[in-house]
Amino acid sequence: VVATEISKLAEQSSRSTKGIQELVTFTNGEISSGKKTINEGGENFKNILREVEKINSKVNEINAIMSG
């Protein structure tokens with residue numbers, strides 16, 4: 001009887017371990033995906049900033065011509 005219970009507990013432990021491994025793998029994938037999204041967002045903001053700086057430069061040029 002004890003051996004049967006020990007065997008059942010070992011099976012449950014094995015299934016739990018496998019489930020935890022699957023969750024860790026899934027979570028790592030989600031983290032990697034989130035990191036990629038954040039990095040892409042950062043690059044998009046850098047591109048927006050560059051374009052705003054170009055527009056600002058053009059506005060300053062127009063302002064200088066109008067003042068000149």
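How many helices and strands does the secondary structure of the chain come to? The count is one helix and zero strands. Keep in mind that this is a predicted model.

**Overall form**

That helix is α1, and it takes in residues 2-67. The chain itself has 68 residues. If you lay the C-alpha trace along its principal axes, it spans about 100 × 10 × 5 Å. Another way to look at this is the radius of gyration: the chain has 29 Å, while a compact globule of 68 residues would come out near 11 Å.

What share of the residues is buried? It's 0% of the 68. Buried here stands for under 20% relative accessible area. The accessible surface of the chain adds up to about 6300 Å², and carbon and sulfur atoms account for 61% of that.

**Charges and salt bridges**

The chain carries 9 positive and 9 negative charges, and the mean positions of the two sets sit 2 Å apart. Some of the charged side chains pair up: the structure holds four salt bridges. Here are some of them, with the N to O distance for each.

| Salt bridge | N to O distance |
|---|---|
| Lys8 and Glu5 | 3.9 Å |
| Glu43 and Lys46 | 3.4 Å |
| Lys54 and Glu51 | 3.3 Å |

Let's take these pairs in turn. Lys8 and Glu5 both belong to helix α1 and are three residues apart, or about one turn of the helix. Lys8 has a relative accessible area of 45%, so it counts as partly exposed. Glu5 is also given as partly exposed, because its relative accessibility is 40%.

Further along the chain, what separates Glu43 from Lys46 in helix α1? About one helical turn does, because the two are three residues apart. Glu43 is partly exposed, with 41% relative accessible area, and Lys46 is partly exposed too, at 46%.

Then there's the pair of Lys54 and Glu51. Both of these residues lie in helix α1, with a spacing of three residues, about one turn of the helix. Glu51 comes in at 42% relative accessible area, so it is partly exposed.

**A nonpolar patch on the surface**

Charged pairs aren't the whole story. Which residues make the nonpolar surface patch of about 330 Å²? They are Phe45, Ile48 and Val52. Val52 lies in helix α1. Is Val52 buried or partly exposed? It counts as partly exposed, because its relative accessibility is 47%.

**A look at the start of the helix**

Finally, turn to Ala3, which has its place in helix α1. Its relative accessibility is 60%, so Ala3 counts as exposed; the cut-off for that class is over 50%. Ala3 also gives you a handy ruler along the chain. Its C-alpha atom and that of Arg15 are separated by 18 Å, and the two residues are 12 apart along the chain.

**Putting it together**

So what do you have in front of you? The picture is of one helix and zero strands, in a chain whose C-alpha trace spans about 100 × 10 × 5 Å and where 0% of the residues are buried. Four salt bridges go with it, along with a nonpolar patch made by Phe45, Ile48 and Val52.

Definitions and conventions. Residues numbered from 1 in each chain as written. Predicted model: local features only at pLDDT ≥ 70, side-chain atom pairs only at ≥ 80, totals over all residues. Heavy atoms only, no water. Patch = residues over 30% accessible without salt bridge, like charges linked within 9 Å, V, L, I, M, F, W, Y side chains within 5 Å. Areas by Shrake-Rupley, 256 points an atom, 1.4 Å probe, with all protein chains shown as cover. Helix = DSSP H or I, 4+ residues; strand = E, 2+ residues; numbered from the N terminus. Buried < 20%, exposed > 50% of the residue type's maximum accessible area, 1.4 Å probe, protein only. Rg over C-alpha atoms; globule rule 2.2 N^0.38 Å. Lys, Arg positive; Asp, Glu negative; His and termini not counted. Charge placed at Lys NZ, Arg CZ, Asp CG, Glu CD.
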